[in-house]
Amino acid sequence: MDSLSTIDTKTEEPWLFTPGPLTTSSTVKQAMMHDYGSRDNTFIDINASIRKRLVGIINGGDDFICIPLQGSGTFVIEAMISTLVPKTGKLLVLVNGAYGKRICRICDYHQREYRVNETAEDEPVDLQLLDKRLTQDSAITHVMVVHCETTSGILNPVDEVAGIVEKHGRELMIDAMSAFGAISLDAAVTRFSSVAASSNKCLEGVPGMGFCLVRKSVIEQCQGNCGSLSLDLYDQLMAMEKNAQWRFTPPTHVILALNQALDEFDAEGGVKGRGARYRKNCDILMKGMIELGFKPLLKPALQAPIILTFHLPADPHFDFQEVYDYLRARGYVIYPGKLTVADSFRIGCIGRLNAQHMQAVIGAIAKYLQSNNINLKQHKSS
Ligand SMILES: *Cc1c(COP(=O)(O)O)cnc(C)c1O
């Protein structure tokens with residue numbers, strides 16, 4: 001769907017090949033040009049409509065409800081854990097990257113007991129180990145997994161995880177921040193208690209609001225769990241159900257932008273259409289980078305169409321900061337690596353970008369290599 005009229009290829013703004021903030025359409029940016037009071041009826045209607053539409057994306061029907069929260073994605077992840085896991089609960093965290101590790105830090109802050117099943121950053125979470133842990137440790141009440149671990153771009157097998165967690169009768173929470181809206185998650189197919197994502201990333205809104213889609217039967221049990229007022233999703237939901245308003249100053253402009261972004265999401269064909277554009281972006285980037293001599297971190301079957309990680313070439317003339325500055329000066333923003341296992345860098349393929357943008361950034365990287373006399377095909381990467 002490269003002909004989408006809301007994809008700009010000529011703009012003053014840099015193109016963000018990053019996993020958030022990311023490139024938004026000019027119509028999404030324009031949607032923010034209004035000042036609404038928090039009690040304004042138009043705003044209240046838009047807020048209610050967005051909450052319904054977000055539940056619709058997971059096919060949540062009447063079983064799920066949307067609790068929005070001010071802040072970046074991490075705020076809602078922290079809110080979800082501290083609201084849903086009771087003080088007497090125990091969480092099993094499936095870790096294969098920085099976002100999984102962040103879940104553990106959140107548990108430390110909120111003094112929730114947890115165990116960790118950790119696998120390498122280029123390996124999916126371990127299903128056999130999950131099954132074993134849940135068999136052995138009956139104290140574990142909740143399991144948490146990251147859908148796409150943005151550290152590497154790896155896709156975790158959420159459906160299989162959900163099947164195992166359901167078999168053992170535990171609750172599953174999902175951090176789907178970088179997958180939501182592009183990789184299918186269907187509540188009628190996959191059994192989970194809650195999922196968290198944000199206005200930014202694959203929904204292509206602006207940053208500033210997270211949301212948790214939670215089973216009504218689960219959130220009903222969560223009064224008094226959270227040790228933080230502003231992060232208490234139970235309190236946030238009760239207040240919003242009562243008067244349709246946010247407890248504290250709502251991010252009105254972010255919500256207007258998300259409303260427009262959801263219209264554009266629907267126009268593209270929802271998860272299917274958006275996922276297809278990102279997959280195409282990903283394939284073009286991968287092919288182009290491999291042709292230039294870069295080595296991807298992940299095996300192709302593990303690669304989610306969200307962000308690509310490449311090993312930093314061993315060639316001493318290839319300096320990431322220099323490449324970053326060279327590309328930034330030409331309007332392309334790429335991303336440093338976040339791996340602990342290898343030196344790397346990342347290029348995102350999400351946001352309001354299409355095949356043309358992917359070709360353009362590859363062309364710019366090729367030019368950089370050429371003008372610095374770097375031929376990666378002669379060198380072994382690390
Ligand atoms: C982006 C992201 C988050 C949240 O990050 P923020 O910077 O707080 O928005 C959490 N988990 C994953 C997997 C992410 O990609």
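**Exercise 1. Strand 5 and its neighbours**

Task: In this predicted model, work out how many residues of strand 5 are buried, which residues lie on each of its faces, and which strands it is joined to by bridges.

Solution. Step 1: Strand 5 covers residues 142-146, and five of its five residues are buried, so that by the cut-off for burial each has under 20% relative accessible area.

Step 2: To sort these residues by face, recall a general rule, namely that in a regular strand the side chains alternate between the two faces of the sheet. In strand 5, His142, Met144 and Val146 lie on one side, while Val143 and Val145 lie on the other, and both faces are covered.

Step 3: Turning to the neighbours, strand 3, which spans residues 90-95, runs parallel to strand 5 and is joined to it by three bridges, with Val93 standing opposite Met144. Strand 8, made of residues 171-175, also runs parallel to strand 5 and is joined to it by five bridges, and here Val143 stands opposite Leu172.

**Exercise 2. The ligand and its surroundings**

Task: Find where the ligand sits, which residues surround it, and what fraction of its area the protein buries.

Solution. Step 1: The ligand sits in the largest pocket. The residues around it are Ser72, Gly73, Thr74, Tyr99, Arg102, Val146, Cys148, Thr150, Asp175, Met177, Ser178 and Lys201.

Step 2: Helix 3 (73-84) and helix 4 (98-110) each contribute at least two residues to this shell. Val146, which is one of the buried residues of strand 5, is also among the residues surrounding the ligand.

Step 3: Next, look at individual distances. An N or O atom in the side chain of Ser72 is 2.5 Å from an oxygen atom of the ligand, and a polar side-chain atom of Thr150 lies 2.4 Å from an oxygen atom of the ligand. For Asp175, a polar side-chain atom lies 2.6 Å from a nitrogen atom of the ligand. Taken alone, the ligand would expose 380 Å², and the protein buries 84% of that.

Step 4: Lys201, another member of the shell, is placed in the loop between strand 9 and strand 10 (209-215). Its relative accessibility is 12%, so Lys201 counts as buried.

**Exercise 3. An open sheet and its edges**

Task: Determine in what order the strands of the open sheet stand, and why one side of strand 11 and of strand 13 is left without a neighbour.

Solution. Step 1: The open sheet is formed by three strands in the order 11-14-13, with antiparallel pairing.

Step 2: Strand 11 (307-311) and strand 13 (335-336) are at the edges, and because each has a single partner strand, one side of each has no neighbour in the sheet.

Step 3: Strand 13 pairs with strand 14 (residues 344-348) over two bridges in the antiparallel sense, and the bridge partner of Pro336 is Phe345 in strand 14. Phe345 has a relative accessibility of 2%, and therefore counts as buried. The C-alpha atoms of Phe345 and Tyr324 are 9.9 Å apart in space, although the two residues are 21 residues apart in sequence.

**Exercise 4. Two aspartates in loops**

Task: Decide for Asp137 and for Asp186 whether each is buried or partly exposed.

Solution. Step 1: Asp137 is placed in the loop between helix 5 (127-136) and strand 5. With 12% relative accessibility, Asp137 counts as buried. Its side chain makes a polar contact of 2.7 Å with the side chain of Lys90 and also reaches the backbone nitrogen of Ala139 at 3.0 Å.

Step 2: Asp186 is found in the loop between strand 8 and strand 9 (194-198). Its relative accessible area is 23%, so Asp186 is partly exposed. The C-alpha atoms of Asp186 and Gly56 are separated by 9.4 Å, with their positions 130 residues apart along the chain.

**Exercise 5. Backbone angles**

Task: Identify which residues have a positive phi without being glycine, and which two residues a cis peptide bond joins.

Solution. Step 1: Begin with the general expectation that most residues other than glycine have a negative phi, and that most peptide bonds are trans.

Step 2: Lys201 has a positive phi of about 55°. Ala244 has a positive phi of about 65°, and lies in the loop between helix 8 (233-243) and helix 9 (252-267). At 32% relative accessibility, Ala244 counts as partly exposed.

Step 3: The cis peptide bond joins Gly20 and Pro21, with omega about -5°, and Pro21 is found in the loop between strand 1 (15-16) and helix 1 (26-30).

Key:
Residues are numbered from 1 along each chain as its sequence is written. This is a predicted model: local features need pLDDT of at least 70, side-chain atom pairs count only at pLDDT 80 or more; totals for chains, interfaces and linings use all residues. Side-chain values use heavy atoms; hydrogens and water are left out. Buried means under 20% relative accessible area, exposed over 50%, partly exposed in between (1.4 Å probe, protein chains only). Helices (H or I, at least four residues) and strands (E, at least two) are DSSP runs, numbered from the N terminus. Two strands pair if DSSP finds at least two bridges between them. A residue is near a molecule or strand if one of its heavy atoms lies within 4 Å of it. A polar contact is a pair of N or O atoms within 3.5 Å; within protein, one must be able to donate a hydrogen and the other to accept it, and residues adjacent in sequence count only if both atoms are side-chain atoms. Accessible areas come from the Shrake-Rupley method with a 1.4 Å probe; for residues, only the protein chains shown count as cover. On a 1 Å grid over the protein atoms alone, a cavity is a set of points where a 1.4 Å probe fits but cannot get out, and a pocket is an open set with protein on both sides within 12 Å along at least five of seven lines; lining residues have an atom within 4 Å of a point. A molecule sits in a cavity or pocket if more than half of its atoms lie within 2 Å of its grid points.
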